[in-house]
Amino acid sequence: MSATGSSFSCAGVTKVVGAPILVTGGAGYLGSTLVHLLLEAGYSVRVLDSLRYGGESLLGAWTHPRFELLVADVRDEAAVRCAVQGIGTVVHLAAVVGDPACAREPDEAMTTNVDGSELLLRACMRSEVRRFIFASTCSNYGQPLAPTVAMGEESPLRPVSLYAETKVQFESSLLNSITSSAMSATVLRFASLFGVSRRMRFDLTLNEFALAMVVQKHLVVFGEQAWRPHLHVYDAACAICKVLAVRESTAGQIYNVGDNNQNHQKIYLLDVLRRYVPDAEVEFTSSRQDQRNYCVRFDKIQNELGFRATRNVDSGARELVHLLRSGAIRQPEAVWYRN
């Protein structure tokens, strides 16, 4: 969407007292959780989002005096220039997220995740934005030679999907660009997210398993022995807040974001959910393939920033099952709950 669809004119973007934080993709699964945490913490927040999946996730922030919304695409140069005016820090979440979504729309993924990110970065440097925090992914590790050897930030990147390739590409561009800029940048490689969010998604592994088992009573699982790190969406938002609380020590740094205790095989997620949905039928198949198989080490963010996850797969499974059984979401299988 163009800048003409924004909730304010470009001339009015400085109406909030103090330099706001710009959150791109702020209406999304992680973004909407983060926006509410930032407002609660006393930050002023401006959101840039195309609202491809609607803006209902931001209704709780709508009347907040320190909240602004610009409805526009991160690839819209005029809108991006407008969005960064008066901004001190950018948290860049906007992207075509996930392997399936990027595989379905590869051109959209490239122009959004790479070209749109580059456009935003250039606008930030021109506007003398002080900090740029980029949401990347642990999927960058892809298929290491030894899946059970936990990958650290220094480990080789072996992306096996277009989604991860776009993240790796912009990571490199961002960190190379700031060497000649006063702006600091931090890269956050998030574990696989799960849990309830204001913009709910049921295409994430644990969320998808819960939906199939509770609603459909039938789950098809492939690659059940594959390893993956996991993190509740609330904890992911808290990790961003941890980074925001400091600046100098995070400049130019990459952090894996997750918890060492939450590297799990898919079969473990299934076993946890079976405690709450014992009557669901589970079928294993080899007809689908996902080459990702990795564990990740999270010592750096724990030791340097004091981050620890407060929620785990078990508590996430309980909340997902409770949500699905409550009837609070009337059509959980609808397409707008999937990217």
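Mentor: Let's begin with some vocabulary: the helices and strands we will name are DSSP runs, with at least four residues for a helix and at least two for a strand, numbered from the N terminus. Please also keep in mind that this is a predicted model.

Trainee: Thanks! Then where is the place of Glu128?

Mentor: Glu128 sits in the loop that links helix H4 (106-126) to strand E5 (131-137). Its phi is near 60°, a positive value in a residue other than glycine.

Trainee: Is Glu128 buried, partly exposed or exposed?

Mentor: The cut-offs help here: buried means under 20% relative accessible area and exposed means over 50%. Glu128 has a relative accessible area of 67%, so it counts as exposed. Compare Leu51, where phi is also near 60°. Leu51 belongs to the loop between strand E2 (45-49) and strand E3 (67-71). With a relative accessible area of 23%, Leu51 is partly exposed.

Trainee: Which residue just after H6 takes a positive phi?

Mentor: That is Lys217, with a phi of about 60°.

Trainee: How do I check the length of a helix such as H6? What should its twelve residues span?

Mentor: Count 1.5 Å for each residue after the starting one, because the expected span is 1.5 Å times one less than the number of residues. For H6 that gives 16 Å, and the end C-alpha atoms lie 15 Å apart, which agrees. Helix H5 (residues 162-177) has 16 residues and should span 22 Å; its end C-alpha atoms are 22 Å apart, so that agrees too.

Trainee: Which residues of H6 are buried, and what do they pack against?

Mentor: The buried ones are Leu206, Asn207, Phe209, Ala210, Leu211, Ala212, Met213 and Val214. They pack against helix H1 (29-40), strand E7 (192-194), E8, H8, E12 and H10.

Trainee: And which residues of helix H8 are buried?

Mentor: In H8 (residues 266-276) they are Lys266, Ile267, Leu269, Leu270, Val272 and Leu273. Their packing partners include helix H6 (205-216), strand E11 (263-265) and helix H10 (313-326). Arg275 is also found in H8, but with a relative accessible area of 53% this residue is exposed. Leaving aside neighbours within four places in sequence, Arg275 is in contact with Tyr268 and Asp314. Arg275 and Arg318 are 43 residues apart in sequence, with 9.3 Å between their C-alpha atoms.

Trainee: What about the buried residues of H5?

Mentor: Among them are Tyr163, Ala164, Lys167, Phe170, Glu171 and Leu174. The buried residues of H5 pack against strand E4 (89-92), helix H3 (99-104), H4, E5, E6 and strand E10 (253-257).

Trainee: How do I follow one buried strand residue? What is Phe134 in contact with?

Mentor: Find its element, then its accessibility, then its partners. Phe134 is found in strand E5, and at 1% relative accessibility it counts as buried. Beyond four places in sequence, the contacts of Phe134 are His92, Lys167, Phe170, Glu171, Leu174, Thr186, Val187 and Leu188. The C-alpha atoms of Phe134 and His92 are 5.0 Å apart, although 42 residues separate them along the chain.

Trainee: Thr186 is on that list. Which strand does Thr186 lie in?

Mentor: Thr186 lies in strand E6 (residues 184-190). At 1% relative accessibility, Thr186 is buried. The residues it touches, not counting those up to four places away, include Phe132, Phe134, Val243, Thr250 and Tyr255.

Trainee: How should I read a nonpolar core?

Mentor: In soluble globular proteins, nonpolar side chains tend to be buried together. Here the largest nonpolar core has 45 residues, of which Val23, Leu30, Val35, Val91, Phe190 and Ile240 touch the most other members. Apart from it lies another core, of 29 residues, including Leu206, Ala212, Val272 and Leu323.

Trainee: Last topic: how much space lies in the second largest pocket?

Mentor: About 230 Å³. Of its 13 lining residues, Glu56, Arg198, Arg199, Met200 and Tyr337 are the closest to the centre. By type, the lining of this pocket divides into seven nonpolar, three polar and three charged residues.

Terms used
Residues are numbered from 1 along each chain as its sequence is written. This is a predicted model: local features need pLDDT of at least 70, side-chain atom pairs count only at pLDDT 80 or more; totals for chains, interfaces and linings use all residues. Side-chain values use heavy atoms; hydrogens and water are left out. Buried means under 20% relative accessible area, exposed over 50%, partly exposed in between (1.4 Å probe, protein chains only). Contact means heavy atoms within 4.5 Å. A nonpolar core is a set of buried Ala, Val, Leu, Ile, Met, Phe, Trp, Tyr and Cys residues joined through side-chain atoms within 4.5 Å. On a 1 Å grid over the protein atoms alone, a cavity is a set of points where a 1.4 Å probe fits but cannot get out, and a pocket is an open set with protein on both sides within 12 Å along at least five of seven lines; lining residues have an atom within 4 Å of a point. Grid points are joined across faces, edges and corners, and a volume is the space filled by probe spheres set on the points. Ala, Val, Leu, Ile, Met, Phe, Trp, Tyr, Cys and Pro count as nonpolar, Asp, Glu, Lys and Arg as charged, and the others, Gly among them, as polar.
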